[in-house]
There are 2 protein chains.
Amino acid sequence: MAIKDGDFVRVNFTGKIKENDEVFDTTYDEIAQEAEIFDENKTYKPIPIVVGGNHLLPAIEKEIVGLEAGERKTVEVDSDNGFGPRDPKAIQLIPMKEFKKQGMTPYPGMRIQAEGGEGRILTVNGGRVKVDFNHPLAGKDLIYDVEVTEIIEDNEEKIKSMIELHYSNPNVDLEKTEISIEDGVVDIQLDEMAKFDQQSYMDITFARFRIAKDIWENIEEVTKVNFVDAFEKREESDDEEDEE
Amino acid sequence: MAIKDGDFVRVNFTGKIKENDEVFDTTYDEIAQEAEIFDENKTYKPIPIVVGGNHLLPAIEKEIVGLEAGERKTVEVDSDNGFGPRDPKAIQLIPMKEFKKQGMTPYPGMRIQAEGGEGRILTVNGGRVKVDFNHPLAGKDLIYDVEVTEIIEDNEEKIKSMIELHYSNPNVDLEKTEISIEDGVVDIQLDEMAKFDQQSYMDITFARFRIAKDIWENIEEVTKVNFVDAFEKREESDDEEDEE
């Protein structure tokens, strides 16, 4: 069945800069290696999204509507629908002494973190350093190759896919998530290991909110999402086994 | 009714060193001020404990058994039942240069953090600093004045008292805790603000485990404690509904 807004799907994609075919992002292992952007902390496999959920650029999600599972499509995204135009005001001259203060030796191409966000040094000229705070893809027209690998039909699998998208943690086994849906209320109990996450509770709350929002906006009749952390009294026989 | 093991009670207490009547801990505001140990981050009021739950020194909890609400008792705790004997091996000589490395100027009475725990500097002698890593109350006989202010009878209040003991957070209003008990399962939903705690999830898990354990060990038939974080879809306003 053709994909419509609000569908949960898994997609592979490769994003390239139109003018020079440079690959800047991909879900394919081999393509990442070829383009020398392979990141060993990343898992290369199709990512789950809700179509129209702003998980990819809206211009791409719009083009996924109407496709079938297994279909591929090449989508051109001009800079206005991509990462916006380049802003000349986002190029700033910073006195060399600001870098010296922090013990840094700036060079062209160096990436720095500053109040204005992440910047890339363009030139170093005597006492002045020219830094570009534009998004690296600002002003670029882009081409995305998109492949829909799966349409997720089952509600439990839809919920799991949003956990995968918003809360990935190498220590947490997604298969151990327990999900129940009853009277519009979703109860989610994650793998026991999730309890030992060292992230701040607030950051986890933000991830949970994103999961909950994608669920209630896109799964019929859901109005409430509970994250449940259970603590259970051990059976006495278990204790005895431990003592052995 | 006389207090027995497993009862949830609130107590005030003041702990003094027997040999010199020095107050080292108290739940009374005025006594803390008088003894010059007042801590403005602390709330001075009766603390909730389970009798026999190891929330106070066992030697004190034992003496609370048999008291009635409102009763006071003076309890002597010798060092063996208090903070243990002084260990001469816990007094160490540390070369002055170790302090210099860290830009510290040691002086007698100074408290330091080291691998061996917290220590107190006894003497500074040329190149050598004598540090005592014993607990400040090790080897001391103690006297506690204890007052039972309340016996907690209601199960919901018992649960709230353990949250108060193990998870106090100035931003979280304990009165906003929602508790349900059904078929041996306790569901706890804390004040919304608890979601924005900046502590690590793991530290919160440890506090929750302590709460859960005190509950299932001391409230009949409870075998499971769930901490529930709910995320609810906001009601759409009438205007928005009309637009659909």
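**Notebook: salt bridges and the A–B contact**

Lys4(B) is the residue I opened with, and at 45% relative accessibility Lys4(B) counts as partly exposed. I note at once that I am working on a predicted model.

I then asked which residue Lys4(B) meets in a salt bridge. The partner is Asp7(B), with N to O at 3.1 Å. Asp7(B) has a relative accessible area of 13%, so I log Asp7(B) as buried, the limit being under 20%. This bridge therefore joins a partly exposed lysine to a buried aspartate.

I checked chain A at these positions. Asp7(A) forms a salt bridge with Lys4(A), and the closest N and O atoms are 3.1 Å apart. Asp7(A) counts as buried at 13% relative accessibility. Lys4(A) counts as partly exposed at 45%.

**Arg10(A) and its network**

Next I looked for the salt-bridge partner of Arg10(A). I found Glu164(A), with the closest N and O atoms 2.9 Å apart. The two residues come from distant parts of the chain, 154 residues apart. Arg10(A) sits in strand 1 (residues 8-17) of chain A, and Glu164(A) in helix 4 of chain A.

Are the two ends buried or exposed? Arg10(A) is at 16% relative accessibility and Glu164(A) at 18%. Both values fall under the 20% limit, so I enter both residues as buried.

I followed the charges outward from this pair. Arg10(A) and Glu164(A) belong to a network of salt bridges that also takes in Lys45(A) and Glu150(A). For the whole model I recorded 33 salt bridges over all chains.

**Ser161(A)**

I stayed in helix 4 of chain A, which spans residues 155-166 and holds Ser161(A). How much of Ser161(A) is accessible? The relative accessible area is 0%, so I mark Ser161(A) as buried. I then listed what touches Ser161(A), leaving aside its neighbours within four places in sequence. The contacts are Phe8(A), Arg10(A), Pro48(A) and Ile152(A). Arg10(A) thus turns up again: it contacts Ser161(A) and bridges to Glu164(A).

**Chain A against chain B**

I moved on to the interface. I count 28 residues of chain A in contact with 28 residues of chain B. The area buried between the two chains is about 2700 Å². Carbon and sulfur atoms give 62% of that area. In chain A, I asked which residues lose the most area to chain B. They are Tyr201(A), Phe231(A) and Lys233(A), together 31% of what that side buries.

Then I went through the polar part. There are 20 residue pairs in polar contact between the chains, both residues at pLDDT 80 or more. Helix 5 (201-218) and strand 12 (224-232) of chain A each supply at least two residues of the side that touches chain B. That side divides into 15 nonpolar, 6 polar and 7 charged residues.

I count 2 salt bridges between chain A and chain B. One of them runs from Asp229(B) to Arg208(A), with the closest N and O atoms 3.1 Å apart.

**Strand pairing across the chains**

Last, I traced the strands at the interface. How do strand 12 of chain A and strand 12 of chain B run, parallel or antiparallel? They run antiparallel, and 9 bridges join them. In chain B the strand covers residues 224-232. I picked out Val225(A) as an example, and its bridge partner in strand 12 of chain B is Phe231(B).

Key. Residues numbered from 1 in each chain as written. Chains lettered and ligands numbered in written order. Predicted model: local features only at pLDDT ≥ 70, side-chain atom pairs only at ≥ 80, totals over all residues. Heavy atoms only, no water. Contact = heavy atoms within 4.5 Å. Buried area = accessible area lost by both parts, 1.4 Å probe. Salt bridge = Lys/Arg side-chain N within 4 Å of Asp/Glu carboxyl O. Polar contact = N/O pair within 3.5 Å; in protein donor to acceptor, adjacent residues only side chain to side chain. Helix = DSSP H or I, 4+ residues; strand = E, 2+ residues; numbered from the N terminus. Nonpolar A, V, L, I, M, F, W, Y, C, P; charged D, E, K, R; others polar. Pairing = 2+ DSSP bridges. Buried < 20%, exposed > 50% of the residue type's maximum accessible area, 1.4 Å probe, protein only.
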